[in-house]
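Work through the following exercises with the structure open beside you, and try each task before reading its solution.

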Amino acid sequence: MIDPVEAFKKHTASDSIPMPTVIPGSTPIYQKATETGNRALWVVFVIMLLSSLAFYIMAFRVPVQKRLFHILTAFITTFATLSYYAMAVGDGVGQNKILIKHTEKHFPDTYDTIYREVYWARYVDWSVTTPLLLLDLCFLAGLSGASILVAVVADIIMILTGLFAAFQVDEAPKWGWYAMACIAYLVVVYQLAINGRETAKAKDNKTATFFAAIGGFTFLLWTIYPIIWGIADGSRNIDVNAEIIAYAVLDILAKPVFGFWLLFTHDNFASTASIDGFWAHGLGKEGTLRVGDDDEGA
């Protein structure tokens with residue numbers, strides 16, 4: 001005869017479902033910079049500041065007609081200085097709230113809540129400095145106004161879509177914005193690598209060789225940026241400190257190092273660009289606006 005009590009015990013023991021020992025989503029996860037990351041921001045701030053001062057000094061040592069590249073390059077590091085100061089003091093940073101869903105059989109869905117720091121000041125910096133940097137390369141190559149406009153607009157689209165992706169909560173839209181940014185980047189590469197290379201060849205061999213070198217250096221760095229974004233803000237595989245340091249190295253190479261290389265090399269060219277007219281002298285008599293000139297003998 002079967003003991004009903006023993007049968008019930010065996011049944012419940014074999015069909016019981018183990019309860020999870022850890023319930024996800026109980027405590028929010030905060031991904032933010034520590035003293036290491038903050039110290040890196042201050043170091044880059046100082047580097048950008050000193051580089052800006054050096055570029056302005058170099059600009060004042062040449063005639064105003066030949067300061068185009070100096071002014072553009074100095075503006076690049078000036079805006080970067082402001083950006084890194086904002087990030088270092090905590091003014092240029094926000095938080096992105098991310099929910100990660102956990103699905104368990106026989107139990108309700110649970111969620112992990114992640115708050116990750118997003119340095120939006122970095123995107124403000126890039127939206128200004130990367131077009132200026134492109135102008136340096138475009139003027140060096142001698143690109144047409146139409147090509148310059150396309151490159152600059154594509155660059156701004158690339159930065160803005162990256163910003164939207166950084167603050168996107170849902171995974172699918174985030175990578176959609178990221179894909180748009182990559183497409184815009186390819187447009188920039190086409191304008192500089194294809195059109196720019198052809199126009200640089202038409203100038204002289206020295207300019208063409210230099211443009212190929214500094215342009216290749218720039219696009220190599222710019223290709224690393226979206227990779228860092230993908231493993232940082234995108235998939236969160238590296239912490240915020242590593243993200244700061246990675247971007248810091250890239251920014252130093254893409255701005256101060258780029259700037260010193262451009263100015264020292266270009267200043268040695270015999271055919272250094274010289275711009276007169278409004279750039280050097282402002283509006284002359286022939287450019288003034290006249291309102292209601294009196295006729296002689298009136």
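**Exercise 1.** Determine how the lining of the second largest cavity divides by class, and name the residues that form this lining.

*Solution.* In this predicted model, the lining of the second largest cavity has two nonpolar, two polar and four charged residues. The next step is to put names to them: the lining consists of Asn96, Ile98, Arg116, Ala166, Gln168, Lys174, Asp233 and Arg236. Sorting these names, Ile98 and Ala166 count as nonpolar because Ile and Ala belong to that class, while Arg116, Lys174, Asp233 and Arg236 count as charged. The space inside this cavity comes to about 40 Å³.

**Exercise 2.** Describe the largest cavity by its volume, its lining and the elements that contribute to it.

*Solution.* Begin with the volume, which is about 350 Å³. Of the 20 lining residues, Trp126, Met158, Ile159, Tyr225 and Pro226 are the closest to the centre of the cavity. Helices H4, H5, H6, H7 and H8 are the elements that each give two or more residues to the lining, which divides by class into 16 nonpolar, two polar and two charged residues.

**Exercise 3.** Find which residues have the most contacts inside the largest nonpolar core, and follow one of them outward.

*Solution.* This core has 49 residues, and Leu192 and Trp222 are those with the most contacts inside it. Its largest share, ten residues, is supplied by H7. Following Trp222, and leaving aside residues up to four places away in sequence, one finds that Trp222 touches Thr130, Leu133, Leu134, Asp155, Met158, Tyr185 and Val188. A second, separate core has 15 residues, among them Val44, Met48, Tyr119 and Val240.

Definitions and conventions
Residues numbered from 1 in each chain as written. Predicted model: local features only at pLDDT ≥ 70, side-chain atom pairs only at ≥ 80, totals over all residues. Heavy atoms only, no water. 1 Å grid on protein atoms, 1.4 Å probe; cavity = no way out; pocket = protein on both sides within 12 Å on 5 of 7 lines; lining within 4 Å. Points joined across faces, edges and corners; volume = space filled by probe spheres on them. Helix = DSSP H or I, 4+ residues; strand = E, 2+ residues; numbered from the N terminus. Core = buried A, V, L, I, M, F, W, Y, C linked by side-chain atoms within 4.5 Å. Buried < 20%, exposed > 50% of the residue type's maximum accessible area, 1.4 Å probe, protein only. Contact = heavy atoms within 4.5 Å.
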